[in-house]
Amino acid sequence: MVRPAVLITGAAKRIGAVLARHFAGAGWHVVIHAGHSPALAREFAATLPSAEVVEADLIDREAALAMIDDVAQRLPDWRVLVNSAAVFKPDTAEAIQPEIFAEAMRVNAETPTAMSQAFLAKARSQGGKRVIQFLDQKLLNTNPDFFSYTMAKHAFASTVKMLAMAQSDPATRIYGLAPGAMLPSFDQVEEEHEVSGRMNLLERLTDPSELAQAALFMAKGWLQSGETIYVDSGQHLLRQPRDVLYLARKA
């Protein structure tokens, strides 16, 4: 029996790896995309029941599209693309830093959108196609920190409904998945995350496995196409003037 396949970008570590383990445990063939850690990705893939590794630097749009084309040709039942990889570099609202801005827009918005379009056009699926775009609770709880990153996520979020509207096949669904603070980010140490990770309505650490469970739910296609789920213990309902990384340090 051919396992349904999912490609998860940035799946060699952190939240991407959590998603990969959950999909693998649910019987999926997991395609682990690695941008800069191929050795780590191959080591991780060896621990899963059915997995493989593909490589592409997402700053290189054409290389990413070639990767999608290769996977689409090889796999007979590729159902889900999860665009979870992103760059998260600090800049402020005072002045755009061209290099940070260009990288954020390419890696966090342009390339994953182009990959989604290529997947929808070329993948063979026996049970409908699903695209899951990783967004951020900052979409509704905006602050000026990590300015270019946040701009790129807003641009990426706009594609969810547009791509959903453009699909003629009702079995195809485009979703957004917006996490809050789940793991230490940027230059945080674990002790700092213990504080910042609880800066949400429930005052609890949101486990990355909750995000993986949401992604598995979306993979079934039970939601209307174009919808976004926030998995953040209510953080997006707050109004935080700065990124929680800095709020925790100030506290």
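**Helix H7, Asp145 and some charged and aromatic pairs**

Biologist: Let's start with H7. How do you know that its span fits a helix of 12 residues?

Modeller: This is a predicted model, and in it H7 covers residues 208–219 and reaches 17 Å from its first C-alpha to its last. The expected figure at 1.5 Å a residue is 16 Å, so the span is close to what 12 residues should give.

Biologist: Is H7 largely enclosed or largely open, and what makes you say so?

Modeller: Nine of its 12 residues are buried, so the rest of the structure largely encloses H7. Among them are Pro208, Leu211, Ala215 and Met218.

Biologist: Which elements cover those buried residues?

Modeller: The cover includes helix H1 (14–25) along with strands S4 (78–83), S5 (130–134), S6 (173–179) and S7 (228–231).

Biologist: And what goes on at the two ends of H7?

Modeller: At the start, a side-chain oxygen of Asp207 comes to within 2.8 Å of the backbone nitrogen of Ser209. That falls inside the 3.5 Å limit, so the two make a polar contact. Just after H7, Gly221 has a positive phi of about 75°.

Biologist: On to Asp145, in the loop between S5 and helix H5 (147–166). Why is Asp145 called buried?

Modeller: Its relative accessibility is 7%, and buried means under 20%, so Asp145 qualifies. Leaving out residues up to four places away in sequence, Asp145 touches Asp91, Lys138, Thr150, Arg242, Asp243 and Tyr246.

Biologist: What makes Arg242 and Asp145 a salt bridge?

Modeller: Their closest N and O atoms are 2.9 Å apart, and the cut-off is 4 Å, so the pair counts. Arg242 lies in the loop between S7 and helix H8 (244–250) and Asp145 in the loop between S5 and H5, so the bridge ties together parts that are 97 residues apart in sequence.

Biologist: Is Arg242 buried, exposed or partly exposed, and how do you know?

Modeller: Partly exposed: its relative accessible area is 38%, which sits between the 20% and 50% limits, so neither other label applies.

Biologist: Why do you say the charged end of Arg242 sits over the ring of Tyr246?

Modeller: It is 4.4 Å from the ring centre, so it clears the 6 Å distance limit. Tyr246 also belongs to a cluster in which ring pairs link it with Phe88, Phe146 and Tyr149.

Biologist: How many salt bridges are there in total?

Modeller: The structure holds 15. One of them joins Glu110 and Arg61, at 3.4 Å from N to O. Glu110 is in helix H4 (residues 98–122) and Arg61 in helix H3 (residues 61–74), so that pair connects parts 49 residues apart in sequence. Both also belong to a salt-bridge network with Glu62 and Arg106.

Biologist: What makes Glu210 and Arg204 a salt bridge?

Modeller: Their side chains come to 2.7 Å, N to O, so they fall within the 4 Å limit. Glu210 is partly exposed at 24%, and Arg204 is partly exposed at 29%.

Biologist: How many aromatic pairs did you count?

Modeller: The count comes to six. Phe217 and Trp222 are one of them, with 5.7 Å between centres and 65° between planes.

Biologist: Why is the pair of Phe217 and Trp222 called edge-to-face?

Modeller: Planes over 60 degrees apart earn that name, and 65° passes, so edge-to-face is the label. Trp222 counts as exposed at 61% because the threshold is over 50%, while Phe217 at 35% counts as partly exposed.

Definitions and conventions
Residues are numbered from 1 along each chain as its sequence is written. This is a predicted model: local features need pLDDT of at least 70, side-chain atom pairs count only at pLDDT 80 or more; totals for chains, interfaces and linings use all residues. Side-chain values use heavy atoms; hydrogens and water are left out. Helices (H or I, at least four residues) and strands (E, at least two) are DSSP runs, numbered from the N terminus. Buried means under 20% relative accessible area, exposed over 50%, partly exposed in between (1.4 Å probe, protein chains only). Contact means heavy atoms within 4.5 Å. A polar contact is a pair of N or O atoms within 3.5 Å; within protein, one must be able to donate a hydrogen and the other to accept it, and residues adjacent in sequence count only if both atoms are side-chain atoms. Rings of Phe, Tyr and Trp (its six-membered ring) pair if their centres lie within 6.5 Å; planes under 30 degrees apart count as stacked, over 60 as edge-to-face and the rest as tilted. A charge sits over a ring if NZ of Lys or CZ of Arg is within 6 Å of the ring centre and within 35 degrees of the ring normal.
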